[in-house]
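Work through the exercises below with the sequence and the coordinates open. Try each task before reading its solution.

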Amino acid sequence: MPLVTSKEVLVEARKNGYAVGAFNVFNLESVQAVIAAAEAERSPAILQVWSGLDAFVGLDVLAAIVRCEAEKASVPIVLHLDHGMSVEHAAKAIRSGFTSIMIDGSSHPLQDNIAVTKEVVRIAHEVGIPVEGEIGHVGGEEGGDGNADDLVETDQEEALRFYEATGVDLLAVSIGTSHGKYRRAPVLNIGLLAEIARRIPVPLVLHGSSYTPDEMIRDAIRNGIAKINVDTELRDAVIARTTRDILQGASFRFVNELTSGGYSEMTEKIREKMRLFGSSGKAREWRTS
């Protein structure tokens with residue numbers, strides 16, 4: 001089926017008390033792994049591309065791959081730009097066919113974050129594309145080990161001001177998770193999340209969910225989180241399985257067989273996440289809503 005927007009699937013998720021996983025993809029095999037999981041679980045899925053990959057693969061190339069594979073799928077698939085760092089990044093993603101955009105101005109002062117986010121919202125909304133913004137700053141580093149020391153917890157008054165000033169469709173909040181691997185056990189501020197959810201009606205987003213304990217994830221969903229980003233755990237699953245197969249002397253005839261086991265592992269990991277998030281079986285409900 002054609003790609004859908006994040007707003008279409010996430011408004012339903014927040015209203016009905018579950019979350020939709022946003023899984024990072026970086027090549028054909030990872031795209032197929034996510035869609036295979038979504039088909040098996042009858043779940044909507046968000047395939048997201050980190051903006052930094054534009055320098056290595058190209059947003060347009062990855063968008064073409066996702067569109068091609070999504071056309072074969074019978075469940076709703078979203079193509080989302082993850083951590084777009086500029087208006088130019090966002091514009092290129094929109095031209096390439098992305099159906100959801102994140103602009104990340106969270107490392108800037110509030111007024112600068114509002115200004116860049118507002119401009120991306122203006123451009124994206126002209127063509128019907130929803131926008132995710134971030135207020136506060138999730139700790140850690142994209143593609144690296146998490147570092148809680150650079151986490152800036154979301155201020156609920158700033159969050160409300162940001163939401164009202166920008167008109168974002170999705171809001172990423174910082175409540176204690178971290179990109180990459182945790183260096184210490186996470187502690188989530190669920191009380192803060194609940195208050196933000198009470199005051200701001202749009203779907204809320206949790207970045208840095210990899211290796212966060214399941215009960216913390218469930219608690220976050222119960223208190224307003226509707227989109228959950230997963231990357232590090234998936235890459236680790238592919239690398240661990242592929243390395244194990246090679247060290248155990250597995251026999252390969254074709255080059256793509258080197259990683260086929262790893263991407264199968266990725267699919268199974270995503271299926272587990274979909275069941276945890278409560279999105280399994282929701283594709284049917286989404287199609288009839």
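Buried means under 20% relative accessible area, and exposed means over 50%. The model is predicted.

**Exercise 1. Which residues of helix 8 are buried, and how are they placed around its axis?**

Solution.
- Step 1. Take helix 8, residues 214-222. Its buried residues are Ile217, Ala220 and Ile221.
- Step 2. Look down the axis of helix 8. The buried residues fall within an arc of 100°, so they line one face of the helix.
- Step 3. Recall the general geometry. An α-helix has 3.6 residues a turn, so residues three or four places apart point the same way.
- Step 4. Go just past the end of helix 8. Gly224 has a positive phi there, about 115°.

**Exercise 2. Repeat the analysis for helix 1: which residues are buried, and what arc do they cover?**

Solution.
- Step 1. Helix 1 spans residues 6-16. Ser6, Val9, Leu10, Glu12 and Ala13 are its buried residues.
- Step 2. These residues cover an arc of only 160° around the axis, which puts them on the same side of helix 1.
- Step 3. Check what comes after. Gly17 follows helix 1, and its phi is positive, near 75°.

**Exercise 3. Which residues other than glycine take a positive phi near 55°, and where do they lie?**

Solution.
- Step 1. Set the background. Most residues other than glycine have a negative phi.
- Step 2. Arg42 has a positive phi near 55°. Arg42 sits in the loop between helix 2 (28-41) and strand 2 (45-50). Its relative accessibility is 33%, so Arg42 counts as partly exposed.
- Step 3. His83 also has a positive phi near 55°. His83 belongs to strand 3, residues 77-84. With a relative accessible area of 4%, His83 is buried.

**Exercise 4. Describe the surroundings of Gly21, Ser30 and Ser96.**

Solution.
- Step 1. Gly21 is part of strand 1, residues 20-24. Its relative accessible area is 0%, so Gly21 is buried.
- Step 2. Leave out residues up to four places away in sequence. Gly21 then touches Ala45, Ile46, Ile228 and Phe277.
- Step 3. Ser30 is in helix 2. At 0% relative accessibility, Ser30 counts as buried. Beyond four places in sequence, Ser30 is in contact with Val25, Tyr263 and Met266.
- Step 4. Ser96 lies in helix 4, residues 87-96. Ser96 is buried, at 11% relative accessible area. With the same exclusion of sequence neighbours, Ser96 touches Leu59, Asp60, Ala63 and Arg67.

**Exercise 5. Set separation in sequence against separation in space for Gly21 with Thr166 and for Arg284 with Pro44.**

Solution.
- Step 1. Gly21 and Thr166 are 145 residues apart in sequence. Their C-alpha atoms are 24 Å apart.
- Step 2. Arg284 and Pro44 are 240 residues apart in sequence. From C-alpha to C-alpha, the distance is 9.1 Å.
- Step 3. Place Arg284. This residue is in helix 11, residues 282-288. Its relative accessibility is 65%, so Arg284 counts as exposed.
- Step 4. Widen the view to the chain. Among contacts between residues at least 6 apart in sequence, 74% join residues at least 24 apart.

**Exercise 6. How many aromatic pairs are there, and which charge lies over the face of Tyr18?**

Solution.
- Step 1. Search for aromatic pairs. The count is zero.
- Step 2. Search for a charge over the ring of Tyr18. Lys282 lies over its face, at 4.9 Å from the ring centre.

**Exercise 7. Summarise the fold as a whole, and state where confidence drops.**

Solution.
- Step 1. Count the elements. The chain has eleven helices and eight strands.
- Step 2. Compare the radius of gyration with the globule rule. The value is 18 Å, close to the 19 Å given for 289 residues, so the chain is as compact as a globular protein of that length.
- Step 3. Take the box along the principal axes. The C-alpha atoms fill roughly 60 × 40 × 40 Å.
- Step 4. Check burial. Buried residues make up 55% of the 289 residues.
- Step 5. Check confidence. The average pLDDT is 91, and 91% of the residues score at least 70.
- Step 6. Find the weak stretch. Over residues 143-148, pLDDT stays under 50. The model has 21 contacts for this stretch beyond four places in sequence.
- Step 7. Apply the general caution. Where pLDDT is low, the predicted coordinates should not be read in detail.

Technical notes: Residues numbered from 1 in each chain as written. Predicted model: local features only at pLDDT ≥ 70, side-chain atom pairs only at ≥ 80, totals over all residues. Heavy atoms only, no water. Phe/Tyr/Trp six-rings, centres within 6.5 Å; stacked < 30°, edge-to-face > 60°. Lys NZ or Arg CZ within 6 Å of the ring centre and 35° of its normal. pLDDT = per-residue confidence, 0-100. Contact = heavy atoms within 4.5 Å. Buried < 20%, exposed > 50% of the residue type's maximum accessible area, 1.4 Å probe, protein only. Helix = DSSP H or I, 4+ residues; strand = E, 2+ residues; numbered from the N terminus. Arc of directions from axis to C-beta. Rg over C-alpha atoms; globule rule 2.2 N^0.38 Å.
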